[in-house]
Amino acid sequence: MQTIKYVFQPHGDERGQLIALEEFKDIPFHIKRVYYMYDTADGFIRGKHAHRHLEQILVCIHGSCKIKLDNGSEQKIVPLEKPYEGLYVGSLVWREMEFSPGAVLLVFASELYDEADYIRDYDEFLQIVSERKNED
Ligand code: TYD
């Protein structure tokens with residue numbers, strides 16, 4: 001399973017690091033929404049869903065995160081441990097996220113929040129993936 005991890009270019013000097021992300025330049029889509037997770041509790045898994053259309057870039061800006069991706073036939077665990085790394089997660093990918101204590105995960109999203117875009121049932125996810133494959 002292919003995953004795309006971006007390495008963003010920091011503007012660093014003796015004061016520290018700064019990363020600027022622009023749509024269509026660093027982020028491969030129009031950024032309609034940004035959200036972040038913090039006060040993340042040890043041992044809890046978030047996500048457990050896929051999206052019908054949404055594209056996202058995940059950046060663990062503090063601590064570390066383990067992102068489990070599943071396209072319906074293959075699974076991969078991608079560690080995000082650096083604030084300059086961005087993981088692309090496209091549509092129809094089941095994702096589960098695990099956090100180190102206090103980790104902060106920043107997400108850039110291509111669409112506004114829409115509960116109808118979520119697939120929260122794993123069997124339904126597999127069904128939709130196989131229907132999509134048959135259409136191709
Ligand atoms: P959810 O996507 O279920 O989080 P996770 O997949 O990490 O478990 O979202 C948790 C809650 O936050 C849910 O009630 C919906 C709400 N929410 C918004 O209102 N807007 C958003 O952009 C997101 C991502 C979530």
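1. Phe 24 lies in the loop between β1 (4–7) and β2, and in this predicted model the residue has a positive phi of about 65° although it is not a glycine. Most residues other than glycine have a negative phi. With a relative accessible area of 60%, Phe 24 is exposed, because the cut-off for that class is over 50%.

2. A second residue with this kind of backbone angle is Asp 39, which is not a glycine and yet has a positive phi of about 55°. Asp 39 is placed in the loop between β2 and β3, and its relative accessibility of 67% puts it in the exposed class.

3. The loop between β2 and β3 also holds Thr 40, but here the relative accessibility is 9%, so that Thr 40 counts as buried, the limit being under 20%. Once residues up to four places away in sequence are set aside, Thr 40 touches Phe 99, Ser 100, Pro 101, Gly 102 and Ala 103. With Ala 103 there is a polar contact as well, since the side chain of Thr 40 reaches the backbone oxygen of that residue at 2.9 Å. As for Glu 81, it is 41 residues from Thr 40 in sequence, and the two C-alpha atoms are 15 Å apart in space.

4. Turning to the ligand, the residues around it are Arg 33, Tyr 35, Arg 46, Gly 47, His 49, Tyr 113, Tyr 118 and Arg 120. By class, this shell divides into three charged, three nonpolar and two polar residues. Strands β2 (33–37) and β3 (45–51) each supply at least two residues of the shell, and β3 gives the most, with three residues.

5. Which side chains bring a polar atom to an oxygen atom of the ligand, and at what distances? For Arg 33, a polar side-chain atom lies 2.4 Å from a ligand oxygen atom; for Arg 46, the corresponding distance is 2.8 Å; and for His 49, it is 3.2 Å. On its own the ligand has 530 Å² of accessible area, of which the protein covers 60%.

6. His 49, one of the residues around the ligand, is found in strand β3 and is buried, with a relative accessible area of 10%. In addition to the ligand oxygen atom at 3.2 Å, a polar atom of the His 49 side chain lies 3.1 Å from the backbone oxygen of Gly 47, and Gly 47 is itself among the residues around the ligand. Leaving aside neighbours within four places in sequence, His 49 is in contact with Val 93, Trp 94, Arg 95, Tyr 118, Ile 119 and Arg 120; Tyr 118 and Arg 120 also appear in the list of residues around the ligand.

7. Trp 94, one of the contacts of His 49, leads on to the aromatic pairs, of which the structure holds six. The rings of Trp 94 and Tyr 122 have their centres 5.1 Å apart and their planes at 80°, and the pair is therefore edge-to-face, the class for planes over 60 degrees apart. This pair links distant parts of the chain, with Trp 94 in strand β8 (residues 94–99) and Tyr 122 in helix α1 (residues 122–135), 28 residues apart. Trp 94 counts as buried at 6% relative accessibility, whereas Tyr 122, at 31%, counts as partly exposed.

8. Tyr 122 also pairs with Phe 125: the ring centres are 5.7 Å apart and the planes stand at 40°, so this pair is tilted. Because Tyr 122 and Phe 125 are three residues apart in helix α1, about one helical turn separates them. Phe 125 is buried, with a relative accessible area of 0%. Through ring pairs, Trp 94, Tyr 122 and Phe 125 are linked into a cluster.

9. A last point concerns Ser 110, whose place is in the loop between β9 (104–109) and β10 (118–119). Is this loop residue buried or exposed? Ser 110 is buried, because its relative accessible area is 7% and the limit for that class is under 20%. Not counting residues up to four places away in sequence, Ser 110 touches Phe 29, His 30, Lys 32, Leu 54 and Glu 55.

Terms used
Residues numbered from 1 in each chain as written. Predicted model: local features only at pLDDT ≥ 70, side-chain atom pairs only at ≥ 80, totals over all residues. Heavy atoms only, no water. Near = heavy atom within 4 Å. Polar contact = N/O pair within 3.5 Å; in protein donor to acceptor, adjacent residues only side chain to side chain. Areas by Shrake-Rupley, 256 points an atom, 1.4 Å probe, with all protein chains shown as cover. Helix = DSSP H or I, 4+ residues; strand = E, 2+ residues; numbered from the N terminus. Nonpolar A, V, L, I, M, F, W, Y, C, P; charged D, E, K, R; others polar. Phe/Tyr/Trp six-rings, centres within 6.5 Å; stacked < 30°, edge-to-face > 60°. Buried < 20%, exposed > 50% of the residue type's maximum accessible area, 1.4 Å probe, protein only. Contact = heavy atoms within 4.5 Å.
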